[in-house]
Amino acid sequence: MSKSDGKDPDDQDDDDSQPDFSDMAAQMRQFMGPDGQLNLDKLMGGMREALGRMPGGFDSGSGLNWKATTTAINQLVGEAGPELASTLLPGDVTDAFGLANRWLDEAMAFDGDTLQLELWPRTRWVERTTDQWRSMSAPIVASLGDALVSMATGNAAEMPELAPLAELMAPMMRATAGEFYSTRLAKTVADLACSTLSGTDAALPLVPASTVALLPGNIAAFTAGLSAPQTDVTVYLLARECARQRLFAATPWLGPQIMALIEHYARELTIDASVLREGFDVDAISTMTPDRLAEISSQIEDRLFRPAATEEQKAILTRLETLICLVEGWVDHVVGQAAGAWLKTGPALAETLVRRRATGGPAERALTNLLGITLSSRRVRDAANLWAAVEHDRGMAQRDALWSHPDILPQAEDLDDVMGFVARTSAGAKPDAMDEQLSWLVDQWRKDGQN
């Protein structure tokens, strides 16, 4: 993040407020001349005054005021009402944690020795996931700001009288983009805080791999609509969270790769400024009326979040979706195996979570609202089937060995041809030069892990 005078920009001012652009039309009326048209000289003077009054805390690169955003998140979480009280005692949850891990010991090759159980209220989840939301958000806000600046200043070269106005509008346009996105981000993260059941329930590595975090209040609300006892729900959710965190802990490259793909996708995001210009004609700014400005203000946010996907972004998105689906499919399969022999309600709970995912679970809502990414629940089922087929063909240890290096993981096309993947990678398949190279990479990875 950018710094000024050696300080974090978030610490430059105690004022957490953001500039209010919601009453744009009312504010612009003061810059209208007697003929009802916009007076550019008055407008530029007003913009200079507005810039001088803008509060600190904005990141100059993205335009996002993170202090104000986190304040808004916590306010929305508070407005959602008090969390339900869990009927489980802390000792009950600790026992369920131990039980879930004993089940998993028999179902996977990754141990859980480093896992630590924590029970969080919603506000703690917000606090612990802040850094990840910030890193994901900055690139996309910067892209939105670039689009607005381009829209507002694109005609300055052809219209010299607009040059001073363009120079003043650039920082305000970035702040506007930051405000629009901040509102969307606050709503999305607050929604997740009030519905997520565990630290990585959103299928994203939002918390350290050694932490198994449960949100008892949200679990109590989730359990209220189920026939399964809360003890069963708790141990099942713990098994899922422990499985996911065991995987992230055993594969140090996995969590950073998921986040890197998200950030790469966001950095490459382009907003089609021509779509915005359909509603905001910069050529006609001198004749803009308050009513027209009000109409633009109500339309612009929706237009901002219609990103134009490039071919590179489509490739990144395919890799990201495949990786997340492989993780969730693996968790579905492993927990089904682990709990199947012990938990009668396990299949029903698994089906409940499948329906939750298909109708827009935490991961789906977060990625759709913030990046325009849509995950397919069908692909998660395909991934679960692939892991089951690999285990049937060569056993649990060889199934989990596929996580040892990203280059030997199944790819998107392998989810379309599960049995073909199993046949191509089975012990009886004849290795080619690429297979030999990958085997060498895996051997090196294992040696490095032992040193």
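Start with the whole chain: of its 451 residues, 51% count as buried, meaning under 20% relative accessible area, with exposed over 50% and partly exposed in between (1.4 Å probe, protein chains only). This is a predicted model, in which local features need pLDDT of at least 70 and side-chain atom pairs count only at pLDDT 80 or more, while totals for chains, interfaces and linings use all residues. Residues are numbered from 1 along each chain as its sequence is written, and side-chain values use heavy atoms, with hydrogens and water left out.

**The chain**

Switch to cartoon. The chain has 19 helices and two strands; these are DSSP runs (helices H or I, at least four residues; strands E, at least two), numbered from the N terminus. Among contacts (heavy atoms within 4.5 Å) between residues at least 6 apart in sequence, 83% join residues at least 24 apart. Now show the surface. About 20,600 Å² is exposed, and carbon and sulfur atoms supply 51% of that area, by the Shrake-Rupley method with a 1.4 Å probe.

**The core**

Select W125, W133, L254, I258, I262, W330 and W403. In the largest nonpolar core, which has 98 residues, these touch the most other members. Such a core is a set of buried Ala, Val, Leu, Ile, Met, Phe, Trp, Tyr and Cys residues joined through side-chain atoms within 4.5 Å. Next, colour helix α12 (residues 311-340): this helix gives the core its largest share, twelve residues. Zoom in on W125. Beyond residues up to four places away in sequence, W125 touches W120, W133, V189, L192, A193, T196, S198, G199, L206 and L215.

**R122**

Move to helix α5 (residues 122-153) and pick R122. R122 is buried but has no salt bridge, a term for a side-chain nitrogen of Lys or Arg within 4 Å of a carboxyl oxygen of Asp or Glu. Which side chain of opposite charge is nearest? E83, at 4.2 Å. Display N218 as well: its side chain makes a polar contact with the side chain of R122, at 2.8 Å. Polar contacts are pairs of N or O atoms within 3.5 Å; within protein, one must be able to donate a hydrogen and the other to accept it, and residues adjacent in sequence count only if both atoms are side-chain atoms. Setting aside neighbours within four places in sequence, R122 also contacts V77, A80, G81, A193, C194 and L215, among others.

**S135**

Stay on helix α5 and select S135. Its relative accessible area is 25%, so S135 is partly exposed. Add M259 and E263, the contacts of S135 beyond four places in sequence. The side chains of S135 and E263 make a polar contact at 3.1 Å. Finish at A260: 125 residues from S135 in sequence, but 9.6 Å away, C-alpha to C-alpha.

Conventions
Lys and Arg count as positive and Asp and Glu as negative; His and the chain ends are not counted.
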